[in-house]
Amino acid sequence: RNVRQLQLNGFNSVSTSIKLVTLLKMAAVSMQFVHRRALAMSVVILLLTAYTTLTVLVLTGRMWSTHSDTQWNASNHMNWIHQARSLQSNVSGTATTFPVQARVVSALPPGKQVDRMDQVKVESAVPPGKQVDQLSAEHRLSLRRESIKTACERFQRPLTTKEKRMLYATLVVDDVHRSLWCAVRKSGTRSWRAVMLILGGKFSNVSAALDHASHHDFQYLKRLSAKYRNPRDIEYRLKHYTKFMSFREPLGRLVSDYRQISLHDTSFRTKKCKAVVAYNNKISANKGGTSRRTDKDAWKNISFPQFVNYVTRFHGNKDKYEDLDGHWRPMNLICYPCQVDYDYYIDFESTTVTDDSSFILKALGAPQWLEMPKSNPSGNETKYSFLSQLSASQYQRLLSLY
C-alpha cells in the first residue's frame, strides 16, 4: 500500500535512494501501529485467560466446599467447640492460665468464615502463669470489663430507636441502691431476680424471694422504660447508676433453653413448642415432603435439631435477629454492651461467679446477710451431647447467629 501511495503521488521519476528512504519511514510508522494493536490484543487475551482460570478455580472451590461440608460430621465440630471453649474461658474467668495477650478465636474450621467478628485480640494485665480465679474479684471484674471494651472497639455505633426501646424494657432499675441490671435469660436470671426483689424491699427472705422469682418472673421488678418516660430521667440513670449484666457461653445457653421448653410444662413451653413444630412442618412442605409429626401432641416431643431450625430461621437476615425470643436472642442484642458502658460483667459459668456476685452486692450496698443464691448450670458434657445431634449446616447457622 505504501509503494502504491508513492506511485500515485508521482514518485516514479524520483531516484531510487529517495524512494527507499521514504518507504523505510512509512514502513516504520506502519510497524508502530501494528505493534500497538498486537500489544493490545495480547493484553486482552491475557485477561480472558486469567478470567477463565479464576472462574474454573471458584467453581472447583465451591464443589469442594459442598463436598467437605457433607463430610464434616459431629465429632469434627465438637472438637472445634472444645477448642473455642478453652480459648474463651481465658476471658470469661474460669480456672485456666490467662496469658498476657489472649486471643479469642471463633469455633470454625480452617478456611471457614463467619460473617460477624471472627477474631478478637484481648489485652490483659494478668501476669504470665497467674490464674484468673486467684485474683481478687475487683481485679478480675476490672479485667473482664477492659477485655470487653477492647473487643467492642470495632462495633461502636449509636443505638437505634428500636434498640433503645428494647434495652430500656430489659434493664431492671433499683433507685434505692442506684443500680441497673440487664437481665439475660438463662444466665442466673432467677437468682438475680430474687436478689433484686430483696434489694427493692419486696422480700426479706432469700428462699421466699427465690420461690416468687420461679413462678412470677419479673413481677414487682421495675423496668427502666416502665418506671420512667422522660428521656432525661433514663439518660441520667444510664450515666450515674451502677450497671451490670450476666452472660453465658451462647451454645450452652441455647441448650439450657431447649431443656427448659422441652421438659417443663408451662404455657411458654406450649406456645414455643407448637411454633417449632409448625416451622419444621413448613420446611418439610417446602422440600416437597410431608410432615413426620402430624398428631396434635407433636409439640410435646420436639427434637433439638428441630429447635435449632426454628431458632436459626432468620439465617442471613441480621435485621430480623432482634425479633428472636429473648431466651435465645444474641446477648449483644439484649444488653448492647458495646453501646452501654457496664461496670460489671458476671460470667454465669465461671467458677468465680459466687465471689464476683458477692463483690457486686457489696458494691451496691446490699445488706451483709444477703448472699447470692447458688446456681447450677449444666455441664459441658450435657451441652456437647445435644450439639452432636446437629448437622454441619445447622451448626454453621448457629455460629453465624451467635
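In this short talk I will go through helix packing, aromatic rings and burial in the structure above.

Before the details, please keep in mind that this is a predicted model, in which local features need pLDDT of at least 70 and side-chain atom pairs count only at pLDDT 80 or more, while totals for chains, interfaces and linings use all residues. Residues are numbered from 1 along each chain as its sequence is written, and side-chain values use heavy atoms, with hydrogens and water left out.

Let me begin with the helices, which, like the strands, are DSSP runs numbered from the N terminus (H or I and at least four residues for a helix, E and at least two for a strand). Two packed helices are described by the angle between their axes and the distance between the axes. The axes here are lines fitted to C-alpha atoms, for helices over the stretch in contact, and the angles run from 0 to 180 degrees between N-to-C directions.

Helix α4, residues 137-152, packs against helix α13, residues 353-364, at an angle of about 95°, with the axes 9 Å apart. That makes α4 roughly perpendicular to α13, a label covering 65 to 115 degrees, where under 35 is roughly parallel, over 145 roughly antiparallel and the rest oblique. On the α4 side, Ala 137, Glu 138, Arg 140, Leu 141 and Arg 144 meet Asp 355, Asp 356, Phe 359 and Ile 360 of α13, contact meaning heavy atoms within 4.5 Å. The residues of this contact divide into 4 nonpolar, no polar and 5 charged, where Ala, Val, Leu, Ile, Met, Phe, Trp, Tyr, Cys and Pro count as nonpolar, Asp, Glu, Lys and Arg as charged, and the others, Gly among them, as polar.

A second crossing involves α10 and helix α14, residues 380-387, whose axes come within 10 Å and cross at roughly 80°. That makes α10 roughly perpendicular to α14. Leu 251, Gly 252, Val 255, Tyr 258 and Arg 259 in α10 meet Thr 382, Lys 383, Phe 386 and Leu 387 in α14, and the residues of that contact divide into 5 nonpolar, 2 polar and 2 charged.

Turning to the rings, the structure holds 13 aromatic pairs, a pair being rings of Phe, Tyr or Trp (its six-membered ring) with centres within 6.5 Å, called stacked if the planes are under 30 degrees apart, edge-to-face if over 60 and tilted otherwise. One of them joins Trp 181 and Trp 192, a tilted pair at 6.5 Å centre to centre with 35° between the planes. This pair links distant parts of the chain, with Trp 181 in strand β4 and Trp 192 in helix α6, 11 residues apart. Trp 181 is buried at a relative accessible area of 0%, and Trp 192 counts as buried at 2%, where buried means under 20% relative accessible area, exposed over 50% and partly exposed in between, with a 1.4 Å probe and protein chains only.

Tyr 258 and Phe 304 have ring centres 5.2 Å apart and planes at 70°, so their pair is edge-to-face. Tyr 258 lies in helix α10 and Phe 304 in helix α12, 46 residues apart, and both residues are buried. Ring pairs link these two with Tyr 279, Phe 307, Tyr 310, Trp 328 and Phe 386 into a cluster.

Finally, helix α15, residues 392-401, is mostly covered, with 8 of its 10 residues buried, among them Tyr 395 and Arg 397.
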